[in-house]
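Student: I should like to go through the assignments in this model and hear the criterion behind each one. Could we begin with the terms themselves?

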Amino acid sequence: MTPDVRDRAEPPRVNGRPPDECAVPEAAWSRALHLIRDADEVAMACHVTPDGDALGSMLAVAFTLRSMGKRVVTSFGDHHFVVPRLLRFLPGQEMLVPPEEFPESPDMMITFDSSTFQRLGLLGASTARAREVIVVDHHPSNEGEFGTLSLIDSAAAATAMLAEELIYRLGGQLDRDIATCLYAGLVTDTGSFRYSTTTPAVHHMAARLVATGLRTDEIARELWDRSPFGYLKVLAGALERVTLEDGLVWTYVSQVDRAAYGLPYSELEGVIDILRRTDEAEVSVVLKEDDQGYWQVSTRSKGNVDVAAVCAALGGGGHHNAAGYTSQDSVEDTMVKFRRELRKA
């Protein structure tokens, strides 16, 4: 006889909510809560050139800590400290400070969505001097090589999922501002729920966030349906020189391309999404020259190639189907080295 589902033991609840599966040990959660509750001030950092998951996760937790009476300082370590235009709709940006105003030696620090020390940019020095550093991340390439405590779950679709868990465990509640920040992280890292990382837990979380009354249509418009005219011109140039070779499609965007139309580097995120549609290519690559003259290499895979492994071999990291790294070589030399690692993969 099949037992009634009502007779089955229910997993322990977090703040009244049935928890989703998470790889972070309970001991790590307990220590994180102890460190945060004992702190008067919490310094928080996410990776350079933040995306929706990095900035959204950090601001969501910052709202919660502020409601607990904590002093909160949030930042990211870019030389040119500007929130990407696509993310300027996120609430809580009054809590952001430029890197030069970030504490030099924080007593308590939390990093978000940063798989390596280097991804923290100018805030890496503060991280090295901090007494305690909690690392909140979901990248498989994050092996816990920095920080004093890891809240890392590589099976999580977004760092926002870990941020929500932390909020609940701290006794926080979702409101529209927090939900907006978390939803931005969830939809960007799941490709608007199109990627293979989109599990039932992702949809359960989305339902909790939408229930706060946030406007999903407005968020989608800000993230995907807006761009300055200059972006179209730069995109046209990138597509004009796109190359297809042996299952690889790639192109590049230089500083000169952007300068011609006054286009900030942060506007280039969508170029890779155009290339990845190519039927004949398994792997897509876009080289984007940043304001310091380095090439930021974005890669995507349709599943048969682990681009995280390729990028890790070149000093970067990420996920199986989406990863990146920084190159100081020329476009030609960068692609020679990339092809070499791609053949190994």
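Tutor: Helices (H or I, at least four residues) and strands (E, at least two) are DSSP runs, numbered from the N terminus. In those terms, R88 is placed in the loop between β2 and β3 (108-112). The model is predicted, so local features need pLDDT of at least 70 and side-chain atom pairs count only at pLDDT 80 or more, while totals for chains, interfaces and linings use all residues. Residues are numbered from 1 along each chain as its sequence is written, and side-chain values use heavy atoms, with hydrogens and water left out.

Student: What does R88 touch, not counting residues up to four places away in sequence?

Tutor: Contact means heavy atoms within 4.5 Å. On that count R88 touches V82, V83 and Q93.

Student: Why is K70 said to have no salt bridge?

Tutor: A salt bridge is a side-chain nitrogen of Lys or Arg within 4 Å of a carboxyl oxygen of Asp or Glu. The nearest side chain of opposite charge to K70, D40, is 5.6 Å away, so the criterion is not met. Here Lys and Arg count as positive and Asp and Glu as negative, with His and the chain ends not counted.

Student: What makes the approach of the K70 side chain to the backbone oxygen of R37 a polar contact?

Tutor: A polar contact is a pair of N or O atoms within 3.5 Å; within protein, one must be able to donate a hydrogen and the other to accept it, and residues adjacent in sequence count only if both atoms are side-chain atoms. The K70 side chain reaches that oxygen at 2.7 Å, so the distance satisfies the limit.

Student: Why is helix α4 (residues 159-169) called mostly covered?

Tutor: Buried means under 20% relative accessible area, exposed over 50%, and partly exposed in between (1.4 Å probe, protein chains only). In α4, 11 of its 11 residues are buried, among them E164, E165 and R169.

Student: How do you know that β10 and β11 pair?

Tutor: Two strands pair if DSSP finds at least two bridges between them. β10 and β11 have two bridges, in the antiparallel sense, and therefore qualify. They form a hairpin with three residues between them. G318 has A323 of β11 as its bridge partner, and T299 also stands opposite A323.

Student: Which side chains of β11 are buried?

Tutor: A323, Y325 and S327 point to one face and are buried, whereas A322, G324 and T326 point to the other and are not. In a regular strand the side chains alternate between the two faces of the sheet.
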